[in-house]
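Thank you all for coming. I would like to walk slowly through one structure today, taking the overall layout before the details, so please have the view on your own screens as well.

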Amino acid sequence: MHGNGGEIDGDRSDDRLDAETARELNLLLDAMGVELARRVEVRGARRPWIAWSGLGALAAAALAALTLIGPGDLADSGGAGPAPGDDAPASGGEGVPAPGLDVEAPGPFLVFPTSDEDITVIWLLGEG
Amino acid sequence: LERSNLDDLARSAQGGSRAEMERLLGALRPLVCRWALVWTGSPDAAEDVAQAVLMRVHRSVGSYEPTGRFATWVYRITRNVLLDGGRGEDRERTLRDRVALERLAESARGTAGRTEARHLLGRMMDALSPRQRAVLDLVDLQGFDAGEVADMLEISPATVRVHLHRARETLREQARLLDTTEENAHAR
């Protein structure tokens, strides 16, 4: 796909970059594109895993919520309510997006950022 | 990758086979990353843009009509994503972007990237506008013709020529400055 110099009407040959400079820049940008593509591919490949781990977390959260609080309390809670402190998870009620994240859930949920910026754990506090 | 191969891959992917779609996206990924990188000057932003572009391609490849080059069609999606995301010409590059760019160039050094080219790339990012960089990359480095580039960027061929002329002039000047700096460094 690559080469030096598409033709342009009225283009002056002395206006062009020298061939060696163009070749070197082209090779470098090609290699950088390949390297970035590898990172994008890795990111994309991790997402399905995150979805499955999220399902596990969902199940654990639902179980914990039922055990500790009871389904009656949860049904009235709407949102989980923000806890104080920097490490507190973001929370949202039904259909409410979490701040800074494009998340909408069918019910109350908690969002736990992790040290890996590509991974966020979302606990859906399911209806009892 | 030849452009005609990309056109063939696109036609095959329109058949709906998952394997063909994966082949197409795999072939596009480095190209879209490069385009986004040249436009944004930021590896992080380029990754995000590439993800969004590939998702849009995946979603809408069925509506691509093979009357024009597939690369032109994808570039226009890329441009729209860049402009939608506020990563147009007004975007200020930060020092963090610049450091990340240098690291990326360094990590790509195994296959390419002599030191002079890496320095010149840095100057290109600093001295040229995103549109000038895009035109220079597409015409002088990747060999697209002016009509295609005008379509890709949705500007007139005359504007392509103006951007190209200014970009070449500026980059040549930057290359001269780099040479002078290196000669002075050797003389010390």
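Chain B has 188 residues, of which 48% count as buried, and I should say at the outset that what we are looking at is a predicted model. There are 9 helices and 0 strands in this chain, and if you read along the sequence of chain B the pattern is simply α-α-α-α-α-α-α-α-α. When we take the contacts in chain B between residues at least 6 apart in sequence, 73% of them join residues that are at least 24 apart.

Chain A reads otherwise, with 2 helices and 3 strands, and from the N terminus on its elements run α-α-β-β-β. Of the 128 residues of chain A, 34% count as buried, and residues 24 or more positions apart account for 28% of the contacts in that chain with a separation of 6 or more.

Let me turn to how helices of chain B pack, and begin with a general remark. Two packed helices are described by the angle between their axes and the distance between the axes.

Take helix α2, residues 18-40 of chain B, together with helix α7, residues 130-141 of chain B. The axes of α2(B) and α7(B) come within 7 Å and cross at roughly 140°, and the two helices are therefore oblique to each other. On the α2(B) side the contact is made by R34(B), W35(B), V38(B), W39(B) and T40(B), while α7(B) brings P130(B), R131(B), R133(B), A134(B), D137(B), L138(B) and L141(B). How do the residues of this contact of α2(B) with α7(B) divide into nonpolar, polar and charged? There are 7 nonpolar, 1 polar and 4 charged.

Helix α7 of chain B also packs with helix α8, residues 146-153 of chain B, where the axes come within 10 Å and cross at roughly 145°. The crossing of α7(B) and α8(B) is right-handed. Here A134(B), V135(B), L138(B) and V139(B) in α7(B) meet V149(B), M152(B) and L153(B) in α8(B), and the residues of this contact divide into 7 nonpolar, no polar and no charged. You may notice that A134(B) and L138(B) appear in the α7(B) list for α8(B), and that A134(B) and L138(B) are also among the residues of α7(B) that contact α2(B).

Next, the aromatic side chains. A search of the whole structure finds 4 aromatic pairs over all chains. In one of them, the rings of W35(B) and Y75(B) have their centres 4.7 Å apart and their planes at 65°, so the pair is edge-to-face. This pair links distant parts of the chain, since W35(B) sits in helix α2 and Y75(B) in helix α4, residues 70-84 of chain B, with their positions 40 residues apart in sequence. Both W35(B) and Y75(B) are buried.

A further pair is formed by F70(B) and W73(B), and that one is stacked, at 5.4 Å centre to centre and with 25° between the planes. F70(B) and W73(B) both lie in helix α4 of chain B, 3 residues apart, which is about one turn of the helix. F70(B) is buried, with a relative accessible area of 0%, and Y64(B), F70(B) and W73(B) together form one aromatic cluster.

Staying with helix α4 of chain B, we also find R76(B) there. Is R76(B) buried or partly exposed? With a relative accessible area of 33%, R76(B) is partly exposed. R76(B) and L153(B) are 77 residues apart in sequence, yet 6.6 Å apart in space, C-alpha to C-alpha. If we leave aside the neighbours within four places in sequence, R76(B) is in contact with D151(B), M152(B) and E154(B).

That brings us to E154(B), which is placed in the loop between α8 and α9 of chain B. The phi angle of E154(B) is near 55°, a positive value in a residue other than glycine, and at 42% relative accessibility E154(B) counts as partly exposed.

Finally, which residues does E47(B), in helix α3 of chain B, contact? Apart from its neighbours within four places in sequence, E47(B) is in contact with L36(A), R39(A), V40(A) and R43(A). At 9% relative accessibility, E47(B) counts as buried.

Notes
Residues numbered from 1 in each chain as written. Chains lettered and ligands numbered in written order. Predicted model: local features only at pLDDT ≥ 70, side-chain atom pairs only at ≥ 80, totals over all residues. Heavy atoms only, no water. Phe/Tyr/Trp six-rings, centres within 6.5 Å; stacked < 30°, edge-to-face > 60°. Helix = DSSP H or I, 4+ residues; strand = E, 2+ residues; numbered from the N terminus. Buried < 20%, exposed > 50% of the residue type's maximum accessible area, 1.4 Å probe, protein only. Axes fitted to C-alpha atoms, helices over the stretch in contact; angles between N-to-C directions. Left-handed = near helix turned anticlockwise from the far one by under 90°. Contact = heavy atoms within 4.5 Å. Nonpolar A, V, L, I, M, F, W, Y, C, P; charged D, E, K, R; others polar. Parallel < 35°, antiparallel > 145°, perpendicular 65-115°, else oblique.
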